[in-house]
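Open the model in your viewer and keep the sequence panel in sight. The stops below are given as selections, each followed by what is found there.

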Amino acid sequence: MTDLKQSSPPRLVAVSNRTAYGSQTRAGGLAVALWDTLAESGGLWIGWSGKIFDVPRRRVQLVEEDGVSFALVDMSKAEYEGFYLGYANSVLWPVMHNRLDLAVFDSDYFAAYESINRRFAEAVEAQTSETDIVWVQDYHFFLLARHLKDGGCRRRTGFFLHIPFPAPEVFRSIPNHMTLAEGICAYDVVGLQSPHDCANLGRYLHEEMGAEKMDDERYRIGDHVLTMRLCPIGIDAEGFSLSATSEVAEKASNRLSRFLGKRNLVIGVDRMDYSKGLPQRFEGMATLFDKYPDLHGNISFTQIAPPSRSVVEEYAQLRQQLDELSGRINGDYGDLDWIPIRYLARGYDREELAGLYRLARVGLVTPLQDGMNLVAKEYIAAQDPDDPGVLVLSQFAGAAQQMTDALIINPHDRNAVAEAVREALQMPLDERQRRWRALYRGICEQDINWWRDHFLAAFDTSGPAD
Ligand code: ADQ
């Protein structure tokens, strides 16, 4: 068994594609939770430098900021295209979100993925020691621990998957799925967002790798023991709640209020991504306007969705689809003094967002697949306890497994979306308060620090049975 009973805590080493180095927007969330823990343990954060060079370079730049050390790895243009745009975002992202139809299986992408995972493993080996805990973030690095082991490097390694783990039938369609699975099995601890993800990975490992379940969390695969921990990510609920009444938040909220007048605000906030179900959400709102003419002129649906990964074709197409849909719906239902859908293709800073969430009578979070969805939690944290809004949440967001007091809907069912928004708009104050209190308690109990501690505590019990 791993022995962590030493006088000082082990040093934590985080690995992620992007680090928070030099970031102006570290406020809240994962970056802060990791940063605090790294600073406390004199830790190190390894990630991509953000720089792309025409030719491959093996440089690892060592820098420091606010008590945290960073090891920043460069990529060549070809590596960035094959690893990041290619394998990570055109194979793994679509497949893990159940969109096999969008996956582009190109063997050059996989070669780039392997090579970058090896490069990062070499950086981990060079920059860490056996007593460190190496915590790897997300689908960019399924193979990192495998490469460490193959190079004879012994480290305690954990991996957290921020996105869903799909049904084994879907995962198996990736040509290199067995290599990825061997990658997963090389970690000591694997953290997942929802019970559904745990069930899917558990079944896959049993069927493909012959994994035997030892207890609630541990699987034996050959002579290796893997701890699979259910570890839903949270937010800094109290901090976010405070920021919703900050000066910046109130300024943003006042600006929007002036435009809204007496209309109720229904808000959506998402990265522009096909997993977020934006066209379906727009159609759901069109159904609402169609069924309930009494709402015309009385509500405003505002969707904030800054473009992301716009060089990947599917993302550019989505942008076009949303432009067309919102134009059509506004053309069909709008009037001289009413724009039914306001669609803003840009981001806002966290405090501004908090103010906008607080102003909204309904928070509409309807992804088709989502590992967790932090917007759902932020919306709840931002509400006024005396007069809270209502969260309408997709059953396919990891958050739905925890946030059962939201109005849970199937995002493919436009009628269900319309009816839930209608119900939310009509919900009596006492029911809104009761639902909000339960939801707020939940996000405070399992906040971002709980998430970090719960994951790292798995190292206390990981390893073979005594
Ligand atoms: P994402 O898919 O990026 O992350 P999500 O959890 O929805 O998703 O949001 C992450 C953050 O981005 C939130 O803090 C949110 O406020 C911010 N954000 C979203 N839209 C924004 C906008 N329009 N303007 C400004 N900020 C915006 C992945 C997984 C998720 C999982 C997270 C964390 O896909 O399922 O919840 O990681 O594990």
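**Between the domains**

In this predicted model, 17 residues of domain 1 are in contact with 15 residues of domain 2. On the domain 1 side of that contact, helix 2 (77-96) and helix 7 each supply at least two residues. Helix 2 gives the largest share, 3 residues. By class, the domain 1 side has 6 nonpolar, 10 polar and 1 charged residues.

To see the two parts whole, colour 12-231 as domain 1 and 237-445 as domain 2. Their centres, taken over C-alpha atoms, are separated by 31 Å.

**Helix 6 against helix 7**

Stay with helix 7, residues 195-209, and add helix 6, residues 177-185. The two pack at an angle of about 115°, and their axes are 11 Å apart. Helix 6 is therefore roughly perpendicular to helix 7, since angles of 65 to 115 degrees are counted that way. The crossing of helix 6 and helix 7 is left-handed.

Now show side chains at the contact. Helix 6 contributes M178, A181 and C185, while helix 7 contributes Y204, L205, E208 and M209. Sorted by class, the contact of helix 6 with helix 7 has 6 nonpolar residues, no polar ones and 1 charged residue.

**Helix 13**

Next select residues 374-381, which form helix 13. How many of its residues are buried? The count is 8 of 8, and the helix is mostly covered. The buried residues are L374, V375, A376, K377, E378, Y379, I380 and A381.

To find what covers the buried residues of helix 13, display its surroundings. Among the covering elements are three helices: helix 8 (237-243), helix 12 (350-359) and helix 15 (429-445). Strands also take part, including strand 11 (264-269), strand 14 (362-365) and strand 15 (390-394).

**S310**

For the last stop, go to the loop between strand 12 (299-304) and helix 11 (313-333), where S310 lies. Is S310 buried or exposed? S310 is exposed, because 12 other C-beta atoms lie within 10 Å and a residue with 12 or fewer counts as exposed.

Leaving out residues up to four places away in sequence, S310 touches Y315 and A316. Finally, draw a distance from S310 to W450, which is 140 residues away along the chain. The C-alpha atoms of S310 and W450 are separated by 34 Å.

Notes
Residues are numbered from 1 along each chain as its sequence is written. This is a predicted model: local features need pLDDT of at least 70, side-chain atom pairs count only at pLDDT 80 or more; totals for chains, interfaces and linings use all residues. Axes are lines fitted to C-alpha atoms, for helices over the stretch in contact, and angles run from 0 to 180 degrees between N-to-C directions. Helices (H or I, at least four residues) and strands (E, at least two) are DSSP runs, numbered from the N terminus. Angles under 35 degrees count as roughly parallel, over 145 as roughly antiparallel, 65 to 115 as roughly perpendicular and the rest as oblique. A crossing is left-handed if the near helix is turned anticlockwise from the far one by less than a right angle, and right-handed if clockwise. Two residues are in contact if their C-beta atoms, placed from the backbone, lie within 7 Å. Ala, Val, Leu, Ile, Met, Phe, Trp, Tyr, Cys and Pro count as nonpolar, Asp, Glu, Lys and Arg as charged, and the others, Gly among them, as polar. A residue is buried if 20 or more other C-beta atoms lie within 10 Å of its own, exposed if 12 or fewer, and partly exposed in between; C-beta atoms are placed from the backbone. Domain bounds come from an automatic or database domain assignment.
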